Amino acid sequence: MTNPFIYDFITRGTIAGIIIAIVAPVIGVFLVLRRYSMIADTLAHVSLSGVAIGLLLKINPLLTAIATTVVSSVIIEKLRSSKRVYGESALALFLSGSLAFAVVLISLSRGFNASLFSFLFGSIATVTNIDIMTVGFTGALVFLTVSLLYKELVYISFDEESAKVSGIKTNSLNIIFIALTALTISISIPVVGVLLISALLTIPVITAMQFRRALIPTIIIAQAISVCSVMLGILTSFYLNLSPGGIIVLTTIFFFFIAQILTSKA
Amino acid sequence: MSVETNKIIVSVNNLSYSYGNNQVLKDINFDIHSGDYVGIIGPNGGGKTTLVKLILGILQPQTGNISILGKPLANFSEWSKVGFVAQRATSFDPKFPVTVFDVVAMGLASKKGLFYGLTNTDKKAIDKSLDSVQMLDFKNQLIGNLSGGQQQRVFIARSIVSDPEIIILDEPTAGVDIRSQEEFYKILKRLNQELGITLVLVSHDIDVITNEVTELLCVNQKLVYHGTPKGFTSGKHSDELYSKSVKFVVHRH
């Protein structure tokens, strides 16, 4: 059997995949606990318009996706906290709005239909060295910021009202958190693609929560599940020519059912 | 701990509040002194929770003003001096993966500011708070695995870990069984009498509250009664109260 890692593109895809597998649960755990899973899905759709802008202007689509998603995430949070519309309505506006915008941009420049598929469902083979640097730098930024704000994030997720009473600046913290979510989603595009990102953020965490451990062990279990799923996805894509994004998400769901069996004995 | 009995902890002056056209609080005036154990009662919709939210700075007063520890609420920043225990049933998700220790550590957030890590002194303070509510043995358990009464004791520990001058409790025993409630009130009494912490207990359960507190506020849009619990139950005020259509369900346990 051929060693897949003699190919540079597989090595690059694997490095990017592992970084994302480690960072995604750190954000995902707070998304799940705060019932924010829909925000992940919305921002993923927003990132597609970012990708489309990049392809149209011939700029690295990962960079335009990061910029578009972060800016939109802050607007969504402002709209949500202003209570002018329901939180859910703010998401609906952005989810379909950004998809519509992306479709219009795509139809404007008829040229990039082929590469579009790889952004929708991920394409590890196309990860460039610049992408790895972007993923590495952004991933480190997200990881470091969450480590520094960890206790505050736990407090506002657990009991937002008491956190507010104790003087924590919940509004600023919510904006920082949603911007970090936007960054994580953008850098996950090359690995799982726009349509499957929210699964990578949430399913490993939901699975890890079945074991009913404290928060940090839960995050570590979720990271282990994500890393295994990403590796399996990459290997099967190499040997069997299957979509890595699809295999990654299916593997996380497989782990979820394993966790159900393991934890239902008691 | 010495208690300066005349020090004013909370001062509420000419306070009014409306949600749209619905006036919930009108011309409320009272002071809470250091060492007081104050009960706030009143019918549902009478404005108890709104009053608490105003004192805690969650809502802003529309007319009148509130000061805490001598400072107007707008300039008040020492929130570590104010503990808060919310209704158990609505305040958290029992599946949330945090340990009892983690929950009590949250109480240090305001004292330590952003980016804090826990020092050994902090860890000792957490142990001490847990010990004072007899929950130290449960330190490493997940909060969701405890009974309602035990969870509520952990929230008391969280509110005292930052060494507060006052603790405000909003219907803390809702959904907690009777035996745990008795234990809970014993702990509150000890915090008040031994540690000199000022307590404000909001409840709709007039029977329990009049047995526990030293001072009673009855709120039904206006401040209907302010005095000792004995004075309230003696009947002298009841005609006046009932004529204002204040109705209480008295539980006989």
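Here is a friendly conversation about a predicted model and how its chains and helices meet.

Student: How many residues does each chain give to the contact of chain B and chain A?
Tutor: Let's count each side on its own. Chain A gives 23 residues to the contact. The number from chain B is 29 residues.

Student: What area is buried between chain B and chain A?
Tutor: The size of an interface is often given as the accessible area lost when the parts come together. Here carbon and sulfur atoms give 67% of that area. The total buried between chain B and chain A is about 2,400 Å².

Student: Which side chains meet in a salt bridge across the interface, and at what N to O distance?
Tutor: Two salt bridges are found across the interface of chain B and chain A. One of them joins Arg158(B) and Asp159(A). A salt bridge needs its nitrogen and oxygen within 4 Å, and for Arg158(B) and Asp159(A) the distance is 3.0 Å.

Student: Which elements give two or more residues to the side of chain B that touches chain A?
Tutor: By class, that side has 19 nonpolar, six polar and four charged residues. The elements of chain B giving two or more residues are helix H3 (100-106), helix H4 (109-112) and helix H6 (148-160).

Student: At what angle do helix H1 and helix H10 of chain A pack?
Tutor: Two packed helices are described by the angle between their axes and the distance between the axes. For H1(A) and H10(A), the axes are 8 Å apart, and the crossing is right-handed. The contact has 16 nonpolar, five polar and no charged residues. The angle is about 145°.

Student: Why are Arg80(A) and Glu77(A) separated by about one helical turn?
Tutor: These two residues form a salt bridge, with their closest N and O atoms 3.1 Å apart. Both belong to helix H3 (residues 61-82) of chain A. They are about one helical turn apart because their separation along that helix is three residues.

Key
Residues are numbered from 1 along each chain as its sequence is written. Chains are lettered from A and ligands numbered from 1 in the order in which they are written. This is a predicted model: local features need pLDDT of at least 70, side-chain atom pairs count only at pLDDT 80 or more; totals for chains, interfaces and linings use all residues. Side-chain values use heavy atoms; hydrogens and water are left out. Contact means heavy atoms within 4.5 Å. Buried area is the accessible area (1.4 Å probe) that two parts lose on being put together, summed over both. Helices (H or I, at least four residues) and strands (E, at least two) are DSSP runs, numbered from the N terminus. Ala, Val, Leu, Ile, Met, Phe, Trp, Tyr, Cys and Pro count as nonpolar, Asp, Glu, Lys and Arg as charged, and the others, Gly among them, as polar. Axes are lines fitted to C-alpha atoms, for helices over the stretch in contact, and angles run from 0 to 180 degrees between N-to-C directions. A crossing is left-handed if the near helix is turned anticlockwise from the far one by less than a right angle, and right-handed if clockwise.
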